[in-house]
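Colleague: Could you take me through one part of this model in detail? I would like a close look at the ligand and the space around it.

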Amino acid sequence: MTEFEVQGIPVTELARDYGTPLFVYDGDVLVDQYQGLRRRLHPKLEFFFSLKANPNVSICALLRAQGACAEVSSLAELVTARRAGVRPADIVFPGPGKSPGELAACLDEDVFAIICESLGELASIDQLARLRGKVARVALRINPAFTVKGSRLTMGGKPRQFGIDEAQLDELDDLATRFPGVQLMGVHVYMGTRILSEDVVAENTSRIIELAERVAARLNFPLEMVDIGGGLGVAYFDGERDIDPAVLADKLNPIIAEYAARRPETRLVMELGRYLTALAGTYVVRVRYVKTSMGQRFAITDGGTHHHMAAVGIGSFAKRNFPMRVLNRVGETPTESWNVAGPLCTPNDTLAKDIALPPVQPGDLLGVLRSGAYGPTASPVLFLSHGAPAEVLVQRGRSYLIRDRDTVDDLLRPQHLHDFSALTVPSQPTDPDDRRN
Ligand SMILES: *Cc1c(COP(=O)(O)O)cnc(C)c1O
């Protein structure tokens, strides 16, 4: 009977040392995902890690050490990327609702590009830059008129809160005179997430490059950056297959090479979140109880969808399961059908439904695989006041705690208890008309 290991460390040891529920990341897988693309894709294409997918500072530092730049969308993500060692010249900052504080931080840190999503934001950037006696480096996020089918969540070609419609660019004609504090220097387009087709990535890229050149020519600014977004997916469900970096290189590299030859001064940026981190992460939970209900088997675990909302599979017609294993007995044949539920008091707290597993017992460790992206940070970690799980990164055969598990005190500390006893309604009503019954 074998057990799941991360770089030679048995999962039972990790569960013993750090407790469950636990997120475990394999640093080798992070490096492999990054380098698998880096080795094959044209060197002109730069990889910006989207911290949204996994904002842990050590994950960012590990990817930084491989050469990744950063795409951030909040002040805390910006500070995280800086702490992880990413230079401001390697940071871009998109986001439809940036605060004045976030814009000020972009200006004070001199990030490579503020990615502007609306005309109103452009006016704010201009004002803040002029207050500082600076000229802001701004890329325009465009909501293109086209859409390319193939991403699971399309962002372009329809009414969206993101970016500026291609058709609205006319309103930007007198931009240089209206906004002297702004230097336009790039174009950004993000077409959507979970793209699993190499053809779609290639087609998106050539259309975005074409659009960027059109925008830069129309508004007459030097194209220092074209950010092609990204949205590369990983396979989670039956019938899906992973992107093949070699196939992607075959389709994408000629497009990059042609553009790089024509405009060697332009930085070409690809944003990668899910693709870099998803495969590296396993959500490890321990089975507390097993039971049956109306003929179906249930395993109740100590972790649930408050750490892994994506496992619920909301949005799809039928629930589709993330890959799951009994980690302490990986060799065993799955012979039984199980429902795996967490500790929350809602039927939605279902990590897997009707999934084939070997016989499960209390004490077993279950793992939701491919869970390194959009885990706790994209989940309701405060639901039922359970808080965030511990997170561990294994690198060179050693395990490192990269996030503490929330304690009860961590959850209660930000709350304020006020004494309302003096405001309590008197038990004797003062108005005799109220004395009913
Ligand atoms: C969410 C997001 C990303 C990352 O998307 P993935 O599909 O995880 O790679 C990149 N860029 C922008 C603008 C985003 O909103």
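Modeller: Happy to; here is the ligand site, starting with the pocket and ending with the contacts. The model is predicted, so local features need pLDDT of at least 70 and side-chain atom pairs count only at pLDDT 80 or more, while totals for chains, interfaces and linings use all residues. Residues are numbered from 1 along each chain as its sequence is written, and side-chain values use heavy atoms, leaving out hydrogens and water.

The ligand takes up the second largest pocket (more than half of its atoms lie within 2 Å of the pocket's grid points). A pocket here is an open set of points on a 1 Å grid over the protein atoms alone, where a 1.4 Å probe fits, with protein on both sides within 12 Å along at least five of seven lines; lining residues have an atom within 4 Å of a point. The second largest pocket holds about 320 Å³ of space, a volume filled by probe spheres set on the points. Its lining has 22 residues, with K52, E71, S73, Y190 and E271 closest to the centre.

Around the ligand itself there are 13 residues, of which K52, Y190, T193, E271 and Y374 come nearest (a heavy atom within 4 Å counts as near). Now the polar contacts (pairs of N or O atoms within 3.5 Å). Ligand nitrogen atoms lie 2.4 Å from a polar side-chain atom of E271 and 3.2 Å from a side-chain N or O atom of E71. On the oxygen side, a ligand oxygen is 2.6 Å from a side-chain N or O atom of Y374. The protein buries 94% of the 390 Å² that the ligand exposes when taken alone (Shrake-Rupley areas, 1.4 Å probe).

Terms used. Polar contact = N/O pair within 3.5 Å; in protein donor to acceptor, adjacent residues only side chain to side chain.
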